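Biologist: Could you walk me through this model? I'd like to start with what your terms mean.

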Amino acid sequence: MRRALLLALCVVLTGCSAASDPAETDAGNTAATVAATPASAPLNPAIGALFLEGMHFCTASVVHSGPGDLLLTAAHCLHDGEGGEYATGISFAPGYHDGVAPYGYWDVSDPQVPEGWADSSDPDLDVGFATARQAGNTKTLESVTGANTLVTGGGFAHTITLTGYPDEREAPVVCHGTSAQADTYQMRVGCPGFTTGTSGGPWVVDPDPETELGTVVGVIGGYLYGGDDPDTSYSSYFDTDVATLYRKMDARG
């Protein structure tokens with residue numbers, strides 16, 4: 001449902017259909033407490049749209065790092081998966097809405113995904129990082145937008161704010177919901193209207209009422225690239241693999 005870069009269906013290119021169906025597990029059926037929020041609600045300035053060839057196709061967010069330039073999104077927004085390669089020419093527009101990029105466009109580079117995603121499109125490792133810089137700007141992205149804090153190993157049950165950019169909209173959709181475990185390394189949440197383009201949208205816990213910045217515990221992706229129903233979204237669980245990749249990106253210069 002939320003594939004990026006015009007890739008073929010998951011069941012054709014990857015082995016993810018052979019994994020157990022999170023929608024059929026008892027734990028996965030417990031995440032149903034949801035209230036939709038209109039896109040006009042206050043937006044987290046660290047969340048934005050990823051663009052390729054002039055069109056937005058995925059969602060990403062700024063996460064705190066030493067260099068101050070780190071983006072978090074779904075791995076499938078950056079890399080084709082098994083047999084594929086990294087995408088190039090991507091830009092990031094934090095706070096994008098209604099055709100306006102209030103913080104400008106930032107060039108995305110140095111994409112990194114877990115080996116398990118690059119080698120076999122493992123849906124449990126559908127998490128990726130990249131850096132973002134703006135030509136001629138000496139400020140870091142994080143100093144301009146602020147950043148969410150990444151947490152790994154934080155459990156499955158959270159009250160989250162979910163934000164994503166559907167391809168057919170020029171503003172994000174925002175939802176408040178309760179996440180739950182869907183499979184061994186999968187989370188799910190019931191949120192209406194999260195269609196193609198919302199992949200990579202962050203699952204934010206405890207947002208500050210003034211800045212909307214908070215703690216990220218997931219991103220739309222994982223099972224069937226985020227799910228095959230626009231009203232139910234999935235995320236790979238942030239475990240040690242994600243922590244290792246984050247530390248690698250955080251340790252740069």
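Modeller: Sure: "buried" means under 20% relative accessible area, "exposed" over 50%, and "partly exposed" in between (1.4 Å probe, protein chains only). This is a predicted model, so local features need pLDDT of at least 70, side-chain atom pairs count only at pLDDT 80 or more, and totals for chains, interfaces and linings use all residues. Residues are numbered from 1 along each chain as its sequence is written, and side-chain values use heavy atoms, with hydrogens and water left out.

Biologist: Which residues of α4 are exposed?

Modeller: Helices (H or I, at least four residues) and strands (E, at least two) are DSSP runs, numbered from the N terminus. In α4, residues 240-250, the buried ones are V242, A243, L245, Y246 and M249. They sit on the same side of α4 because they cover an arc of only 165° around the axis, taken from the directions from the helix axis to the C-beta atoms. On the other side, the exposed ones are T240, R247 and K248.

Biologist: And what do the buried residues of α4 pack against?

Modeller: Contact here means heavy atoms within 4.5 Å. By that cut-off, the buried residues of α4 pack against β4 (70-73), β6 (106-112), β7 (128-133) and β8 (149-150).

Biologist: Is I47 buried or exposed, and at what relative accessible area?

Modeller: I47 lies in strand β2, residues 47-52. Among the residues touching I47 are F92, P94, Y165 and P202. I47 is buried, with a relative accessible area of 3%.

Methods. Lists of a residue's contacts leave out its neighbours within four places in sequence.
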